[in-house]
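User: I would like a close look at a single part of the model shown here. Please keep to one site and then place it in its surroundings.

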Protein chains: 2
Amino acid sequence: MPKSTTSRLLPPADDHAARFLRQREADRAAVAEDYVELIADLLREEGEARAVDLARRMGVSQATVTATVARLQRAGLVETKPYRGLFLTRAGDAMAEAAKRRHDLMVRFLLAVGLDRETAEADAEGLEHHASERTLATFARFLAEQESKA
Amino acid sequence: MPKSTTSRLLPPADDHAARFLRQREADRAAVAEDYVELIADLLREEGEARAVDLARRMGVSQATVTATVARLQRAGLVETKPYRGLFLTRAGDAMAEAAKRRHDLMVRFLLAVGLDRETAEADAEGLEHHASERTLATFARFLAEQESKA
DNA sequence: TCCATAACTTAGCCTCGGCTAAGATACTCG
DNA sequence: CGAGTATCTTAGCCGAGGCTAAGTTATGGA
Ligand SMILES: [Mn+2]
Ligand SMILES: [Mn+2]
Ligand SMILES: [Mn+2]
Ligand SMILES: [Mn+2]
């Protein structure tokens, strides 16, 4: 019998490369997103966001926080008032809000498909940075549908 | 009225830190997984896995492939026969298989919740590294259930 | 056979995001 | 009003994972 429909398994090289590129970009953005999201959370719930607390919650040394915050500052996302905590710029706040939206949507979706809360929260922390807008929209739609037929 | 059930929004600091730690570990592992998975794919579908092709498909320079492969070799995942391509050790093969399993499951799941194939493939490339076994099991269960009621 | 060229390596550079140890500084409380 | 302490910074280090430019070297086609 003749060789049937050549099984197209590997995508065209450029498409393939484009995917990995997007992935690397997302990874680079992830740290910034997590830091500003956490700063926003601390500001909202504790009234202030101290570098020490960031260090503790990120599981990282204070020196690392100093360095990372310096980068975020250079990137125009964060402002610092030494001994008075960290603050977000407009841009930082926008990023934090987007991050929180994605984070929450991700968690709600994972819960909706049957995951336990703790695992959902834990995995969402990583997954959130790799779901495109299109994917998030699909998740949102899924949630809406599930709700409507409940 | 009295302050009701204190809204626990931020998790305990150690738990929080543990999540970020797991995330950082997953990120570090991701490159190895992607390389090894790609090498396995190339071996299966093209008969050989050349460094040039890896570079092309990963969207990375040849020098970067040399360096990364050296690391993977040190880690006991890959072997090289210069001008004859790359090969996987037992450990590398095991990792590739696990990666492929996760990748495929992720894609199938994304398709099942309504995502288009191209986005599913693209996002899976990043998401696959951040879904815990528990989460993957939940996705698998979801697929099985959906199938049974079709 | 032999040599042009594709495949690979080396050298040297960069940024990010970690770390420890040591130093500076500002709040706070006695 | 100090001084002790918590907070923050600095210095110096590391590995991963990128890059470009400039070599090598093995293969295969004329
Ligand atoms: Mn996160
Ligand atoms: Mn998050
Ligand atoms: Mn991947
Ligand atoms: Mn993959």
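Which residues coordinate the manganese ion (ligand 4), and at what distances?

Analyst: This is a predicted model, in which local features need pLDDT of at least 70 and side-chain atom pairs count only at pLDDT 80 or more, while totals for chains, interfaces and linings use all residues. Residues are numbered from 1 along each chain as its sequence is written, chains are lettered from A and ligands numbered from 1 in the order in which they are written, and side-chain values use heavy atoms, with hydrogens and water left out.

The manganese ion (ligand 4) is held by Glu37(B) (OE), His103(B) (ND1), Glu125(B) (OE) and, through two OE entries, Glu128(B), at 2.3 to 2.6 Å. Donors here are N, O and S atoms within 2.8 Å of the metal (3.2 Å for Na, K and Ca); water is not among the atoms, so sites may look incomplete. Along the sequence, the donor residues follow the spacing E-x65-H-x21-E-x2-E. Glu125(B) also bridges this manganese ion (ligand 4) to the manganese ion (ligand 3), 3.6 Å away. Because Glu37(B) lies in helix H1 (residues 13–46) of chain B and Glu125(B) in helix H5 (residues 117–127) of chain B, the pair ties together parts that are 88 residues apart in sequence. Helices are DSSP runs (H or I, at least four residues) numbered from the N terminus.

Glu37(B) counts as buried at 9% relative accessibility, and Glu125(B) counts as buried at 3%. Buried means under 20% relative accessible area (1.4 Å probe, protein chains only).

His103(B), a donor to the manganese ion (ligand 4), is also among the residues nearest the centre of the largest pocket, together with Leu9(A), Pro11(A), Asp104(B) and Glu121(B). A pocket is an open set of points on a 1 Å grid over the protein atoms alone, where a 1.4 Å probe fits, with protein on both sides within 12 Å along at least five of seven lines; lining residues have an atom within 4 Å of a point. The lining comprises 22 residues, and its largest share, six residues, comes from H1(B). Helix H1 (13–46) of chain A and H1, helix H4 (90–112) and H5 of chain B each supply at least two lining residues.

In chain A, Glu125(A) bridges the manganese ion (ligand 1) and the manganese ion (ligand 2), which lie 3.6 Å apart.

Conventions: Buried means under 20% relative accessible area, exposed over 50%, partly exposed in between (1.4 Å probe, protein chains only).
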